[in-house]
Amino acid sequence: MDALKAIFLSLIMLQICKITAINVTDEEWKTATATYTKEKDGSITIEGACGYGDLHKASYGKFSAGLSTTLFNKGSTCGACFEVRCVDHILWCLQGSPSIILTATDFCPPNYGLSSDYGGWCNFPKEHFEMSEAAFAEIAERKADIIPVQYRRIKCERKGGLRFTVSGSSHFYQVLITNVGLDGEVVAVKVKGSKTGWIPMARNWGQNWQSNVNLSGQPLSFEVTTSSGRTLTSYNVAPANWQFGQTFEGKQF
């Protein structure tokens, strides 16, 4: 019995250590503000500054957000995930302070002609989220104009693998990378054809990456690096007969 008790206590201590480790790695809550953009179906579907195109096809849908200058960080935050909750407003915040998970998909431009307290919510150095009406309604009353929120960066949970959408021409090759898990942010990309070595790609805008190498007629492999330094390689994602406009699925972080 003493041996069984010892094993039982060890298992409890191990579980406590795991829980503690998770809590330590959680990012602290920070303060910001939030508003919403009205769309026909209550969700954001238009192409934003990250280049994702139709956000429903990109799997982000209504849980997408435009970020102020400070948070957007010149587009490097595209694809990152944030947990957001309404706080400290008895009239506007829903009871229980429910939270939502948002993906950074757009830029909320500053308006220095208006006060940062009203209208110029995305003015530097304000931290602000501009979300869809449907997402906003999950944490606050729709009639609210602007709400105080807390947010924190979290790991992205995605279904399926990374998606690579190919566009351009024989002399200008571009790939849009979506559905990125964990960090969500892509900071470096390399592409490889069957007749080439690994070729570093340059960020064109948002999460569109470009190369001037002609890769037509070659199966394509991709090496993707995220903001935490993790690298994932997907070999032969696109077959040799790939065409511009097609989307291919690779591995997932």
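Me: Which side chain meets Glu138 in a salt bridge, and how should I read such a contact?

Reply: A salt bridge is a side-chain nitrogen of Lys or Arg within 4 Å of a carboxyl oxygen of Asp or Glu. Here the side chains of Glu138 and Lys62 meet in one, at 3.1 Å from N to O. The pair links distant parts of the chain, 76 residues apart, with Glu138 in the loop between α3 (133–136) and β6 (147–154) and Lys62 in the loop between β1 (30–37) and β2 (64–67); helices (H or I, at least four residues) and strands (E, at least two) are DSSP runs, numbered from the N terminus. This is a predicted model, in which local features need pLDDT of at least 70 and side-chain atom pairs count only at pLDDT 80 or more, while totals for chains, interfaces and linings use all residues. Residues are numbered from 1 along each chain as its sequence is written, and side-chain values use heavy atoms, with hydrogens and water left out.

Me: Is Glu185, which meets Arg153 in a salt bridge, buried or exposed?

Reply: Buried means under 20% relative accessible area, exposed over 50%, and partly exposed in between (1.4 Å probe, protein chains only). Glu185 counts as buried at 9%, whereas Arg153, at 23%, counts as partly exposed.

Me: Where do Lys190 and Glu223 lie?

Reply: Lys190 lies in strand β9 and Glu223 in strand β12 (residues 220–226), so their salt bridge ties together parts 33 residues apart in sequence; the closest N and O atoms are 3.9 Å apart.

Me: How many bridges pair β9 with β10?

Reply: Two strands pair if DSSP finds at least two bridges between them. Strands β9 (residues 186–192) and β10 (residues 199–205) pair in the antiparallel sense over three, with Val189 opposite Met201.
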